[in-house]
Amino acid sequence: MPVDPQHGHTTPMLDDSPLTPAELSALRRRLAAPQGRRTPLSSPLTLREQTARLRMGPIRYPEEIARLEQEVRGHLATSAEASPGTDEWDNRQYYEGILSAVLWATGRSEEAPITGRPLPRPNVNQMLSETVDARAVGERRQKIGRWPEYGIGVETTLLWICAEGDDRPC
């Protein structure tokens, strides 16, 4: 252990080594579980786990994301004739936000859905950063040429994909 020169005692070294593939898999299972890392009885994430989490791609499993996408595409197909100013239009904007977030988070769109930043295959840190702007759009504090419901759809979806909450967007 290194010695602290000011106080003359040893200080523990922080372990910031990368997680092994098995540790990454266990972390994903833990985070994707109901209430994930927010479960009061679970131990807090270690520094290694926190660092790995922010560098991971989507936390939710591909099958879950694919089911959400299929459901959203169905909603969009039934609201193709929606007119601005109607509830159906608002719902359509919300679903378009969900789909844009899914496509970006899964690497099928290279531009972030709100900021338009070129970020192919975003990690959790980048997705969470995008939710800040999405919330501002949803709360009408930021304009991007999209309806607020679009921002709400993006924010809700990215938070779910990153396992920041258990509320599935649809």
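Q: Why does Arg-53 count as buried?

A: Because Arg-53 has 7% relative accessibility, and buried means under 20% relative accessible area, with exposed over 50% and partly exposed in between (1.4 Å probe, protein chains only). One thing up front: this is a predicted model, where local features need pLDDT of at least 70 and side-chain atom pairs count only at pLDDT 80 or more, while totals for chains, interfaces and linings use all residues. Residues are numbered from 1 along each chain as its sequence is written, and side-chain values use heavy atoms, leaving out hydrogens and water.

Q: What makes Glu-164 and Arg-53 a salt bridge?

A: The rule wants a side-chain nitrogen of Lys or Arg within 4 Å of a carboxyl oxygen of Asp or Glu. Here the N to O distance is 2.1 Å, so the pair qualifies. Glu-164 sits in the segment after α6 and Arg-53 in helix α2 (residues 47-55), so the pair ties together parts 111 residues apart in sequence. Helices are DSSP runs (H or I, at least four residues), numbered from the N terminus.

Q: How many salt bridges does this rule give?

A: The count comes to 12. Among them is Arg-168 with Glu-71, at 3.1 Å, N to O. Arg-168 lies in the segment after α6 and Glu-71 in helix α3, so that pair ties together parts 97 residues apart in sequence.

Q: Why is Arg-168 called partly exposed?

A: Its relative accessibility is 29%, and Glu-71 gets the label partly exposed too, with a relative accessible area of 31%. Both values fall in between the buried and exposed cut-offs, so the label fits.

Q: How do you know that Glu-149 has no salt bridge?

A: The nearest side chain of opposite charge, Arg-140, is 4.5 Å away, and the rule asks for within 4 Å, so there's no bridge. For charge, Lys and Arg count as positive and Asp and Glu as negative, with His and the chain ends not counted. Glu-149 is buried all the same, and lies in helix α6 (residues 148-161). Leaving aside residues up to four places away in sequence, Glu-149 touches Asp-90, Gln-93 and Tyr-94 (contact means heavy atoms within 4.5 Å).

Q: What makes the phi of Ala-163 worth a look?

A: Ala-163 has a positive phi of about 60 degrees although it is not a glycine. Most residues other than glycine have a negative phi. Ala-163 is buried, because its relative accessibility is 1%.

Terms used:
Helices (H or I, at least four residues) and strands (E, at least two) are DSSP runs, numbered from the N terminus.
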